[in-house]
Amino acid sequence: MGRTREFDEEAVLKGAMHIFRKHGYQGASIRDLEEATGLKGGSIYHAFGDKAGLFDAAFGHYHRTVLEGRIERFAPPGSGLQGLRELFLSLLHEPDDGARGCLITNMAVEFGGGANPHPRVEAALGLLRTTFRLRLTEVSTFARDADGAKADRTATRLLAFYQGLLVLIRGGDDKAGLRQAIEDEFNQLEMML
C-alpha cells in the first residue's frame, strides 16, 4: 500500500500551473517547480512520476479550474451570444493582468500542432470550439443552419479571435482597444441575427 500524500495537491498543482504558464514546459526547471510547489524534486518525482507527469496534472487542474470555470461562469448553457461576449470580455480581467498568459495558448505555441498535437491542448481547444458552436446554435440564425456549417465556421473564427486576444493581452496590448475589438465582433454577430 502506498503512502498517503502529505501535501495540499491543489496548492501544488496551482503553483506548478503558474510556473508552466510563465516559463513554458521546456523553460520550467525543477528548481522553479520546487519553489512554486514547496515540494523537493524527489517528492515531485514520487508523486507525479516526472516533470511531464506534473505538467499533465497541472494542465488538468488548469482545464478544470480556469477554462471550465470561466465557461461555467460567463457562458453557461442558454447564455447564447451574450454569454460568449461576456466570456471574451472576461479575458481582459486576469488576476495577474495576463502576464503569465493562457496555459492552453502558450502550450499550443510551444508544442506546435503537426501530426501529433498535445492531447491536453487539443482537448482544451476542442472544448472552446464546442462551447462557441453550442452557444451560437442557441441563436435563431445559427439554429436554422441545417448542416451546422455556418456555426462551425463562426466557432473556428471565434476560436482564432479568442486565442489571438490572449496573445495580445500577454504582450501588453492596450486593453481598451481590445475591449472595443470584442464589442465590434459581437455587435457584428448580433447584426446577423
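**Notebook: a cavity and a helix pair**

I looked for enclosed empty space and found that the structure holds one cavity of 30 Å³ or more. I note that the model is predicted.

I read off the volume of the largest cavity, which is about 130 Å³. Next I asked which residues are the closest to its centre. Among the 16 residues that line the largest cavity, these are Y62, R70, L91, C102 and L166. I then checked which elements give two or more residues to this lining, and they are α4 (51–74) and α9 (149–170). I sorted the lining of the largest cavity by residue type and got ten nonpolar, two polar and four charged residues.

I turned to two helices, α1 (residues 9–27) and α6 (residues 103–111). At what angle do α1 and α6 pack? I wrote down about 15°, with the axes of the two helices 9 Å apart. Angles under 35 degrees count as roughly parallel, and α1 and α6 are therefore roughly parallel to each other. I also looked up the handedness, and the crossing of α1 and α6 is left-handed.

I listed the residues that make the contact. From α1 they are M17, F20, R21, G24, Y25 and Q26. On the side of α6 I found L103, N106, M107, E110 and F111. Which types of residue are in the contact of α1 with α6? I entered six nonpolar, three polar and two charged residues. Gly counts as polar, so I put G24 of α1, one of the contact residues, in the polar group.

Technical notes:
Residues are numbered from 1 along each chain as its sequence is written. This is a predicted model: local features need pLDDT of at least 70, side-chain atom pairs count only at pLDDT 80 or more; totals for chains, interfaces and linings use all residues. Side-chain values use heavy atoms; hydrogens and water are left out. Axes are lines fitted to C-alpha atoms, for helices over the stretch in contact, and angles run from 0 to 180 degrees between N-to-C directions. Helices (H or I, at least four residues) and strands (E, at least two) are DSSP runs, numbered from the N terminus. Angles under 35 degrees count as roughly parallel, over 145 as roughly antiparallel, 65 to 115 as roughly perpendicular and the rest as oblique. A crossing is left-handed if the near helix is turned anticlockwise from the far one by less than a right angle, and right-handed if clockwise. Contact means heavy atoms within 4.5 Å. On a 1 Å grid over the protein atoms alone, a cavity is a set of points where a 1.4 Å probe fits but cannot get out, and a pocket is an open set with protein on both sides within 12 Å along at least five of seven lines; lining residues have an atom within 4 Å of a point. Grid points are joined across faces, edges and corners, and a volume is the space filled by probe spheres set on the points.
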